[in-house]
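Let us walk through this structure together, one region at a time. Please keep the sequence and the 3D view at hand as you read.

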Amino acid sequence: MGVQQNTAVSGKKSNLRKLRKTVLSKTTYRGILAVIIFFICWEASSRLHFPIVGEIPPPSSVLKAMQKIVGDAGFWKSWLVSFKRVFSGFIVAQIIGIPLGLLMGINRIFRELMFPGIEILRPIPPLAWVPTAVIFWPTAEMSMTFVTFLGAFFTVVLNIIGGARSIDVRYLRAAYSLGSRRRDIFFRIVLPATLPSIFVGMAVGMGITWEVVVAAEMIASRSGLGFLTWQSYVAGNYPVIVIGMISIGVAGFLSSSLIRLIGNFFTPWRKVI
Amino acid sequence: MVDNGRKASDIKAANTGSSTGEMNFLSVSKSYGVGPLSQPVLEDCSFTIERGKLTVLIGPSGCGKTTIINILAGYENPDSGSVTLDGSPVQGPGKDRLVVFQETALFPWMTTYQNVIYGLKVRKEMSRKELESRAMDLLIKVGLLEFKDKYPTQLSGGMQRRAELIRALINNPKVMMMDEPFRGLDAMTRELMQEYYVRLFEENRGTNLFVTSEIEEAIFLSDRLLIMSNRPAKIRKTIEVNLPRPREFHMLTSLEYLNYKREALEILHEEAMKAFASGSKIAAVDFLEAYSERQASSEN
């Protein structure tokens, strides 16, 4: 096409050109077209009273409800409440799960002791824990945090065990030959080698935590995005259901992206996940 | 300056040859598996790695060369027999015997520089300044200075091998062991690496053990060539390679080289045929390769 130029200035220009090319490419046009068609069909199916699909509140009414709700402080409070629950459960899961996972990954005796217990509890879906949690935790918030904790905990532990156990033995051998002692092996080899698995566990755990929080709120809470969604159904305010769903999706996406960004920062030697 | 002084004494030591690093492998046997599934890999295998020399171990693939390295390095223990370094028995891994593995074992989460200084850092044997200057010297020597802050995944295969070489060399090990380190590199890079490596050896004259399945590489590099048998492995023959140093690639056309090659190939051919007969597929492939080389060289 053109001759490759090597100066810094034209390097920047060509990057801009590349970006413009990607953004305005056929792929992007097709994507945008598909989304527009989707919205048109959605709106049309409602106006034309299609069976089943037509019952879903159309984009127009959702937009109207959105305009109203954005000014409502209660809406943003729901966001805050759900985020708080997600992050508190998530962080406790990391605080307990990461050391536990590492210990189980590197110490066989510990692993053999703990693994059966974990494997028995793991199949119980966090949501099934909700009634029990509500009974024995003193406050409603603590029971919510407990349930979100469970969502992230098992994922984190299992990912870390997998990561720690699959460290290439040659790294360990090289490290021992070079004169490492036990704490060098742990802090300089095992930990960095397991870091990617830790972040994978976090990213997946974050997604699970959101699923759990929303459902838990629907069942056992009077606040948060899940509660908002359910309440709108009960009250017959159907467009807000859709807003609730979109909000949950966006919130989950933002949380996972944050984890991914943090993960990439701490593991600069890897290609972007 | 202190640096220059150290370099001068290194060169002096290089010319007189290393005074340590002799390893004795005596009647070593090793099997994998238990009971009826037990597979002997080494049986009554004995040899000496002479100090200050480049010993090359050659044999068909899968014949136990890596096991020998693992035992010498202390990663595995022999079932019977003894392994000594300068008279004392080997007891596990240590910085006196360092290995460069077949596939890169550079720590991916550390930069080249951090990898190279790793040994010195964890053993805390010298000040940060000394450590830094030593690392820089070696990085410059192998041409990796610009890449010192890159991660291993950002380096080419040849660069990774060079980085691993100096990660080991910086610790002044008594014995350097290389387990088919140039396997998988393209032919040109491989030749370049062979030259790099042999120059490094000829400068340092430390005790080196080099494992390969490539006959040309083996003869080009070695002072002593140990030819291995098939499983269970023993040393079939030791050839003293008396080509002059420094080695040059044009020596590969000399008569002496061709004689050595013929000698070695005869035995390798025999061993490969045995492997072929006993159903070992990998060794059979080497047999075919070695056989076609033999045809080629006999036509010359």
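A residue is called buried if 20 or more other C-beta atoms lie within 10 Å of its own. Please bear in mind that this is a predicted model.

With that cut-off in mind, start at helix α11 of chain A, which covers residues 238–266. Which residues of α11(A) are buried? They are A:Pro239, A:Val240, A:Ile241, A:Val242, A:Ile243, A:Gly244, A:Ser247, A:Ile248, A:Gly252 and A:Ile259. These buried residues pack against four helices of chain A, namely α3 (59–70), α4 (73–106), α9 (182–220) and α10 (225–235). The length of the helix can be checked too: because each residue should add 1.5 Å, the 29 residues of α11 of chain A should span 42 Å, and the end C-alpha atoms are 43 Å apart, which agrees.

Now step back to chain A as a whole. The domain assignment gives domain 1 (8–56) and domain 2 (67–266). Between the C-alpha centres of domain 1 of chain A and domain 2 of chain A there are 32 Å.

Chain B is divided as well, into domain 1 (2–86 + 174–299) and domain 2 (106–173). Where the two meet, 13 residues of domain 1 of chain B are in contact with nine residues of domain 2 of chain B. On the domain 1 side, β7 (175–179) and α6 (187–204) of chain B are the elements that give two or more residues. Of these, α6(B) gives the most, with five residues. By character, the domain 1 side that touches domain 2 of chain B divides into nine nonpolar, two polar and two charged residues.

Next, turn to the place where the chains meet. The contact takes 14 residues from chain A and 19 residues from chain B. On the side of chain B that touches chain A, β6 (97–100) and α3 (112–123) of chain B each supply at least two residues. The largest share of that side, four residues, comes from α3(B). Its residues divide into 13 nonpolar, four polar and two charged.

Strand β6(B) deserves a second look. B:Arg97 and B:Val99 point one way from β6(B), while B:Leu98 and B:Val100 point the other way, and all are buried. Four bridges join β6(B) to β7(B), and the two strands run parallel. In β7(B), B:Met178 is the bridge partner of B:Val100.

Elsewhere in chain B, four strands form an open sheet in the order β2-β1-β4-β5, with antiparallel pairing. β2 (39–49) and β5 (88–89) of chain B stand at the edges with a single partner strand each, so one side of each is left without a neighbour in the sheet. At the β5 edge, two bridges join β4 (residues 80–85) of chain B to β5(B), in antiparallel fashion. B:Thr84 has B:Pro89 as its bridge partner in β5(B).

Finally, look at the nonpolar interior. Among the 114 residues of the largest nonpolar core, B:Val56, B:Ile58, B:Met177 and B:Leu225 touch the most other members. Helix α7 (residues 140–165) of chain A gives the largest share of this core, 14 residues. Apart from this core lies another, of six residues, among them A:Val62, A:Val240, A:Ile241 and A:Val242. The last three bring us back to our starting point, as they are among the buried residues of α11(A).

Terms used: Residues numbered from 1 in each chain as written. Chains lettered and ligands numbered in written order. Predicted model: local features only at pLDDT ≥ 70, side-chain atom pairs only at ≥ 80, totals over all residues. Expected span 1.5 Å × (residues − 1). Buried ≥ 20, exposed ≤ 12 C-beta atoms within 10 Å, placed from the backbone. Contact = placed C-beta atoms within 7 Å. Domains from an automatic or database assignment. Nonpolar A, V, L, I, M, F, W, Y, C, P; charged D, E, K, R; others polar. Core = buried A, V, L, I, M, F, W, Y, C linked by C-beta atoms within 7 Å. Pairing = 2+ DSSP bridges.
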